[in-house]
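Q: I am new to this structure and would like a close look at its salt bridges and the strands around them. Please take one residue as a way in and go on from there.

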Amino acid sequence: MPERTLSLPGSTDQFVLAERPAITLTDRYRPLPEGMTLGHATVVRAHQVRPEDVVVAFFTDGPGTRHAEHVPQAFTAHPRPFGSCPAQCEECEDIHTHGADADRYLCLDGAGDREDCVIVYRSTPVAIIPAATAVSLPPLDSAPLLPDLFTLDDGESGPYEALPVPRAFGPWDTISVTRATAEQIAADLATTHTGRHLTCQWLHDALLISSDPRLRTEPGRPGRLIRPDADGRYHIGGLWPWEEWSPPTCPDCSTATEPVDVEDERVWRCTAADCNRRTYGTGDPDDDETLPSYTETNADGATIVYHGTGEIDIETTAELASQDRPHEDGQDADEDDGLCPNNNRPPECTEIDPCEACAQDEDEEAAMIEASMGLRRAPTLSRGDQPDTADTYEVTVLRTERITFTLTASSAQDATDRYLIDGDETASTTTATSIETVRRLTQPPTSM
């Protein structure tokens, strides 16, 4: 379906409704049933949504052009006043904790076995397929379910696709996986901390997971024998805690990442427009030092070489730039007379030990390349114009940081009270800097 622009009575905004994203590891959107399309959709305010309308998207803030933010799973609306959640779901608890005004909110669908309540402002623009239209289309539950994604407790394996689990799923509960996924889990166990005392063996179509005999609480027990059910699926659980898998965040700015394959390796790159950071997503910064390097071509056609983490490799990029630079008078490097650009011959000037003039030329060229990449200010003084002396200055900078902590807590308030004492710092980024003072020192500060 091509992109559609919808209008809402009483609003001058334009509401742009694009097709639902394709399913990837980072975009988990359940498709609509065959025969139901976004061409059936219209836009209304949340308080105008009626029972049995099908909700497919909300819209970004206005005014002006507002783009659709698709819901992960389209759902049938069951509107009711906010504050009457019988399940005490996390969504309702969080909003109550922040002292929300019930008159400003509306619940479009109550909590169920797998989902929390859907709470929105009453005036939120919503893309719906009206109930009168939806009744003649295939039902939502006829669309295939998206699998849930899990990893072992080290967070480095997987993800493993499993049938969707209930909202009350516990980490020691079982997940239902295919034979191929069960084989992958069995293979990964041997390389993880989780499986250090476990062994896996296939006995025809059954998977035997056994522990070190010295660690068994019941002498003689051979282990856990997992047989396929009637649908050929394996129910694995109770042997280690499962974790729900999600894409890693950027180690520098905590923005979500997306997968990219480099030299047959799965790497995660930051999705922020001003950040080039890449990561393996293991949480260990030392692991990222082995990320494979890569190259890109900028808008001017220049080749930029990057370290694996996304930092520009200045030295290699500068070397490539110098190799691509045409020689004067159209001469090739093999046709010169042995003179360097400053008319010196070896041994006064060699590639390893350049003369002073060539060394300074190389420094200026590197500075210009860095300036063109936005890594430093462009030089304003040419050789011969440099000042003879330079003063020492002390610059005091105010820096604001955004720091993320994780901890186990009983509520949002409990986490707020204890994050500094019990939390683990998982991410930090500088959000703002400003110069407080600049002063010239009569003598350079002495080293401590």
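A: Leaving aside neighbours within four places in sequence, Q73 touches R20, R30, E115 and L145 in this predicted model. Q73 belongs to strand β5, which covers residues 65–76. With a relative accessibility of 30%, Q73 counts as partly exposed, because that value falls between the limits of 20% for buried and 50% for exposed. L32 lies 41 residues away from Q73 along the chain, and the C-alpha atoms of the two are 8.3 Å apart.

Strand β5 also leads to the salt bridges, of which there are six by the rule used here. One of them joins the side chains of R66 and D13, with N and O 3.0 Å apart. R66 is in strand β5, while D13 sits in the loop between β1 (4–6) and β2 (14–17), so this pair ties together parts that are 53 residues apart in sequence. Both partners, R66 and D13, are buried.

Another salt bridge is formed by R269 and E258, whose closest N and O atoms are 3.0 Å apart. Here R269 comes from strand β19 (residues 265–270) and E258 from strand β18 (residues 257–262), so the parts tied together are 11 residues apart in sequence. R269 is partly exposed at a relative accessible area of 31%. E258 is also partly exposed, its relative accessible area being 30%.

The strands that carry this pair belong to an open sheet of three strands, in the order β18-β19-β20, with antiparallel pairing. At its edges are β18 and β20, each of which pairs on one side only. Between β18 and β19, which run antiparallel, there are six bridges. One example is V260, whose bridge partner in β19 is V267. In general, the strands of a sheet pair through backbone hydrogen bonds, in either a parallel or an antiparallel way.

The edge strand β20 leads on to a further salt bridge. The side chains of E296 and R278 meet with N and O 3.9 Å apart, which is inside the limit of 4 Å for a salt bridge. E296 is part of strand β21 (residues 294–297) and R278 of strand β20 (residues 278–279), so the pair ties together parts that are 18 residues apart in sequence. The two partners fall into separate classes of exposure: E296 is partly exposed, with a relative accessible area of 38%, whereas R278 counts as buried at 6% relative accessibility. The reason is the cut-off, because buried means under 20%.

Strand β21 has a pairing of its own. β21 pairs with strand β22 (residues 303–306) in the antiparallel sense, over four bridges. Within this pairing, T295 stands opposite V305 in β22. The hairpin made by β21 and β22 has five residues between the strands, and G301 takes a positive phi there, near 85 degrees.

The salt bridges also include a network, in which D252, R277 and D288 are linked.

To retrace the route, Q73 was the way into strand β5, and the salt bridge of R66 and D13 starts from that strand. The pair R269 and E258 then joins β19 and β18, and the pair E296 and R278 joins β21 and β20.

Technical notes: Residues numbered from 1 in each chain as written. Predicted model: local features only at pLDDT ≥ 70, side-chain atom pairs only at ≥ 80, totals over all residues. Heavy atoms only, no water. Helix = DSSP H or I, 4+ residues; strand = E, 2+ residues; numbered from the N terminus. Buried < 20%, exposed > 50% of the residue type's maximum accessible area, 1.4 Å probe, protein only. Contact = heavy atoms within 4.5 Å. Pairing = 2+ DSSP bridges.
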